[in-house]
Amino acid sequence: MDDKKLEKLVALCKRRGFIYPGSEIYGGLSGTWDYGPMGSLLKKNIKDVWWKDIVQLRDDVVGLDGAILMNPQVWVASGHVDAFTDPLVECKSCHLRFRADKEEEILDHQNSHNDTKIEWTTPQKFNLLVKSYLGVVEGAQLEVFLRGEITQGVMANFKNVIDSTRVKPPFGIAQIGKAFRNEITPGNFTFRSREFEQMELQYFIKPEVEAGRICFEYWKKFWMDWYLGLGINKDNLRFKDHEDGERAHYAVAATDLEYQAPWGWAEVLGVHHRGDWDLKQHQQHSGQNLQYTDSQSGISFLPWDIESSIGVDRTALFILLDSYRESEGRVFLKLHPKLAPLKAAVFPLLPNKPELVEKARQVYLDLKSEMMVGWDDRGNIGKRYASQDEVGTPFCLTVDFQSLEDNTLTVRDRDTGTQERLKIDSLKDYLSTKING
Ligand code: ATP
């Protein structure tokens, strides 16, 4: 892999409005990022495709949008107050802190001190939950946590969902939302951030060993196919199963889907067989009966949960890395049209010919009512193509003099650079087929 690829992508993201360092005008805030005009569209498209595939197109999944702030007891019950920790070591020379389990980071830091041998403190447990305070009276404020994962919103609402809908196992509850972690060493661009977004599916099944195994394998395959369907190169994806001793406190079985990032294989998502850990814990701590009762057999049970937990920001980052191309002097993002921030850009061939501008404007406004479309009338056509290539716009549409005669325009393909002439009347159908496949 091009060892400057990440650097180039970071620069492109800033220059073209995908991702900016958080609070930059104040010197930044480590581990936070802001998504610009292009990045916010890319992220929204990822979430929309996910939601459509998981909630809209399936009969067995319902959605949820839980609160970020929850009763602190939730985090006691889920084990996060006790066990959501990373081992932390501090360099005794410069007092920077690192995760003791990240060997490469420790080694890099050792190297940054040249030949001086570093002394490290003994590893200490460091809780990743971010604290905040609610209430107006100083001293009587309630200490709360910004959620460290979005999962617990689903668990705390499990009873509400079964009581207010007709779901029955196997069924899933899907959610997308922000999570916060006091990461010790944020880095690798957005990969490890302190504020990030997750897309999660908690899929509840009957507590049966074989059903659990089959369901776990089903979701593994599902996610691999999902990322391949978005155009990610197969060679850059692999599963890494968690061995005994590596798994989180709640997991019966766990695997990570990893992407081959410039800094090595890196987790995109986790599929976790959580058993009935969460529901059992919340049942105990809340005193509420969280069992599901089968209306036909009358049998009650705590379902098992096969969780898929996916990072939106990591997905966006890896999609950007995977789509980055340099070819014959041009840079382009080979984004799946579903994910591209702009589906097309419309140009009048010459900006100083009002009849061309007017016709192009009509095409632009007509398309804009149905999809995100760009407009450009600056410079020459070559520069406009280059500008759209960099943000991954799959189609550039140019209105020229022939358009005035026969109501056609040229469609230029981002990936091949080839052009074809198309009737303006058939443009929407053409784009919709290309975008939706
Ligand atoms: P890691 O080992 O990289 O710290 P994790 O195993 O703690 O990740 P999970 O708790 O399984 O991660 O979270 C589920 C998903 O949420 C991850 O697969 C990842 O995509 C995303 N995620 C977790 N932590 C972060 C973070 N700090 N920044 C961005 N995304 C994150």
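UniProt lists residues 7–341 as "domain: Aminoacyl-transfer RNA synthetases class-II family profile", in an unreviewed entry. The model shown here is predicted. Over residues 7–341 the chain is 31% helix and 30% strand. The end C-alpha atoms of that stretch are 21 Å apart.

**Domains**

- The domain assignment splits the protein into domain 1 (5–69 + 150–323) and domain 2 (342–436).
- Their C-alpha centres lie 37 Å apart.
- Contact between them involves five residues of domain 1 and four residues of domain 2.
- On the side of domain 1 that touches domain 2, three residues are nonpolar, one is polar and one is charged.

**Ligand shell**

- The ligand has 16 residues around it.
- Ser193, Phe196, Gly270, Ser309 and Gly311 come nearest to the ligand.
- Four elements each supply at least two residues of this shell: strand S10 (195–205), strand S13 (264–275), strand S16 (304–311) and helix H10 (312–323).
- S13 gives the largest share, with four residues.
- By residue type, the shell holds seven charged, five polar and four nonpolar residues.

**Largest nonpolar core**

- The largest nonpolar core has 83 residues.
- Phe318, Ile319, Leu320, Ala344, Ala345, Val346 and Leu397 touch the most other members of this core.
- H10 provides the largest share of the core, seven residues.
- Domain 1 (5–69 + 150–323) and domain 2 (342–436) both give residues to this core, so the core lies between them.
- Helix H10 (312–323) therefore appears in two settings: it supplies at least two residues of the ligand shell, and it gives the core seven residues.
- Beyond its neighbours within four places in sequence, Ile319 is in contact with Leu230, Ile232, Leu335 and Leu339.

**Lys5 and its surroundings**

- Lys5 sits in helix H1 (residues 5–15).
- Lys5 has 14 other C-beta atoms within 10 Å, so this residue counts as partly exposed.
- A residue would need 20 or more such atoms to be buried, and 12 or fewer to be exposed.
- Lys5 and Ala261 are 256 residues apart along the chain, yet their C-alpha atoms are separated by 9.8 Å.
- Apart from neighbours within four places in sequence, Lys5 is in contact with Pro262, Leu321 and Tyr324.

Note on methods:
Residues numbered from 1 in each chain as written. Predicted model: local features only at pLDDT ≥ 70, side-chain atom pairs only at ≥ 80, totals over all residues. Near = placed C-beta within 6 Å. Nonpolar A, V, L, I, M, F, W, Y, C, P; charged D, E, K, R; others polar. Contact = placed C-beta atoms within 7 Å. Core = buried A, V, L, I, M, F, W, Y, C linked by C-beta atoms within 7 Å. Domains from an automatic or database assignment. UniProt positions renumbered as here; feature names shortened; annotations may be inferred.
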